[in-house]
Amino acid sequence: MIRPQVESITLQDHGLWERLRRRRVPLGFDLELTARCNLDCRHCFVNLPAADAAAAARELPAAAVLDLARQAVDLGAVWCTITGGEPLLRPDFAEIYLGLKRLGLLVSVYTNATLVRGEHAALFRRYPPRDIEVTVYGATEETYERITRRPGSFDRFRRGLGLLLNQGIKVRLKAMALRSNLDGMAEIARFCREHTKDFYRFDPLLHLRSDRDPARNAEILSERLSPAEIARAERSDPERFGAMERNCERLIEPRRGDFSLASCLECGERENCEDLEHLSRLFICGAGAASFFIAHNASFRLCASLCAPGMTYDLREGTLKEAWERFAPEIRSRRTGSEALLGACRSCPIVNLCFNCPATADLECDDPEALVPYFCAVAHARLTSLKHECTPGIGRGTDAASE
Ligand code: SF4
Ligand code: SF4
């Protein structure tokens, strides 16, 4: 038998990540330059009007943004994602973008593309980003503007996207699946696959507002798809569903589901950690483990969605080092006594199909330790959709839970 000269492993399985995780190196961070946006998407969990002067006054000036980025690089950061609101609303966007590049960061940009002008495309061509991600709300003017509520925005989006593509810039296209564009999802997928450089993905999870605005939250809830609709939308996208099928064993775990993938965060045990003290960790996700989020108003968060009271750190009052080295581990080490989490979620075989987490639970129920029935139902609908395709035995242990 011929033995391979060189063994190959996937990048995700490289031991480097585990070593970096143990040393708590913040490999990447998201930088929200503004919460303002020129569009008014029905499902948006952050946007404030573009002309909101109070929101603009809360934004960090370019020098302060770059100072925080330098602190992040000193801590070990390599990746940075510029996000918003719509970051191109900032007149100093180019100054910030180039400043981040000069710090040696690999920079990604999230934008709706409607404000892209020739000078942006020239900037990105000369100093290429790692990638640019653009969300496509519809493939037709009617669908797109039903969501963005801005007449003329579809044309501006097409023009901006065209400018980027014509300069050969790497653009990734993605979508949100919501009630107002559900009938156009197949068309959106086709459009994105025709125009994107690598992969297309859509996200059916609509977050509630970080500012907890009740009227906007009601609107978001009315845009949410039912669990069955989410499962159907995933099934009708062969690429997405194929990936789920291929990862079936990872997504549906007949034994304990929570610590079986990433090893137990406390002792490193893979799959078999049953130490109750370890299982009572509130955070079993990656929030604040190797990345963080800086909001437009200098608020440090463990992830973009985690803005629960007492779980954010004001960077105007302290340093990023303090936030990363003291504050984040303190939050991450919190325990839960919630019967729902300890009794159901911590031994749930389909936790990896579920959107429930401390951040989403807080946004839904004002309680980071809550179990959100909607997310539970979505996970079970996804299970029902998947389990017929999985190898015998994988989904079997979960039948009772799926009723
Ligand atoms: S483009 Fe993005 S930030 Fe702007 S309103 Fe739509 S979802 Fe929100
Ligand atoms: S909310 Fe439901 S599906 Fe999600 S982890 Fe908990 S028990 Fe499992």
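Let's start in the loop between β8 (201-203) and α9 (214-223), because that is where R212 is found. This is a predicted model, by the way, so please hear everything I say today with that in mind. Phi of R212 is near 60°, and that is a positive value in a residue other than glycine. Is R212 buried or exposed? R212 has 12 other C-beta atoms within 10 Å, so it counts as exposed.

D366 makes a nice companion to that arginine. Phi of D366 is near 55°, again a positive value in a residue other than glycine. You'll find D366 in the loop between α16 (358-365) and α17 (373-387). D366 has 11 C-beta neighbours inside 10 Å, and therefore counts as exposed. And there is R24, which sits just after α1 and takes a positive phi of about 55°. Helix α1 itself, residues 15-22, is hardly covered: of its 8 residues, the number buried is 0.

Let me step back to the chain as a whole for a moment. How many helices and strands does the chain have? The secondary structure comes to 18 helices and 11 strands. The chain has 403 residues, and buried ones make up 38% of them. If you take the contacts with a separation of 6 or more, residues 24 or more positions apart account for 69% of them.

Now, the ligands. Which residues surround ligand 1? Going along the chain, they are C37, L39, D40, C41, C44, V46, N47, G84, G85, E86 and N112. Sorted by class, that shell has 5 nonpolar, 4 polar and 2 charged residues.

Two of those names deserve a second look, G84 and G85. The peptide bond from G84 to G85 is cis, with omega near 25°. G85 is found in the loop between β4 and α4, and G85 is also one of the residues around ligand 1.

Over to ligand 2. Its surroundings are A344, C345, C348, I350, V351, C354, N356, L371, F375, C376 and A379. By class, this shell has 10 nonpolar residues, 1 polar residue and no charged ones. So you can put the two tallies side by side on your own screen: 2 charged residues around ligand 1, and no charged residues around ligand 2.

Since I mentioned β4, let me show you W79. W79 is found in that strand, which covers residues 79-83. With 16 C-beta neighbours inside 10 Å, W79 counts as partly exposed. What does W79 touch, leaving out residues up to four places away in sequence? The answer is L27, G28, L105 and L106. There is also F29, 50 residues away from W79 along the chain, and the C-alpha atoms of these two are separated by 6.5 Å.

C248 is another residue to click on. C248 is found in helix α12, residues 248-251. C248 has 16 C-beta neighbours inside 10 Å, so it counts as partly exposed. The C-alpha atoms of C248 and L383 are separated by 9.7 Å, with their positions 135 residues apart along the chain.

Last topic, helix packing. Two packed helices are described by the angle between their axes and the distance between the axes. Take helix α3, residues 62-75, and helix α4, residues 93-102: their axes come within 10 Å and cross at roughly 20°. That angle is under 35 degrees, which means α3 is roughly parallel to α4. The crossing of α3 past α4 is right-handed. On the α3 side the contact is made by A62, V65, L66 and A69, and on the α4 side by E95, I96, G99 and L100. By class, this contact has 6 nonpolar, 1 polar and 1 charged residues.

Our other pair is helix α6, residues 141-148, and helix α7, residues 153-166. Their axes come within 8 Å and cross at roughly 110°. How do α6 and α7 lie, roughly parallel or roughly perpendicular? They are therefore roughly perpendicular to each other. Here E141, Y144, E145 and T148 in α6 meet S153, F154 and F157 in α7. Those residues divide into 3 nonpolar, 2 polar and 2 charged.

That's my tour, thanks for listening!

Conventions:
Residues are numbered from 1 along each chain as its sequence is written. Chains are lettered from A and ligands numbered from 1 in the order in which they are written. This is a predicted model: local features need pLDDT of at least 70, side-chain atom pairs count only at pLDDT 80 or more; totals for chains, interfaces and linings use all residues. Helices (H or I, at least four residues) and strands (E, at least two) are DSSP runs, numbered from the N terminus. A residue is buried if 20 or more other C-beta atoms lie within 10 Å of its own, exposed if 12 or fewer, and partly exposed in between; C-beta atoms are placed from the backbone. Two residues are in contact if their C-beta atoms, placed from the backbone, lie within 7 Å. A residue is near a molecule or strand if its C-beta atom, placed from the backbone, lies within 6 Å of it. Ala, Val, Leu, Ile, Met, Phe, Trp, Tyr, Cys and Pro count as nonpolar, Asp, Glu, Lys and Arg as charged, and the others, Gly among them, as polar. Axes are lines fitted to C-alpha atoms, for helices over the stretch in contact, and angles run from 0 to 180 degrees between N-to-C directions. Angles under 35 degrees count as roughly parallel, over 145 as roughly antiparallel, 65 to 115 as roughly perpendicular and the rest as oblique. A crossing is left-handed if the near helix is turned anticlockwise from the far one by less than a right angle, and right-handed if clockwise.
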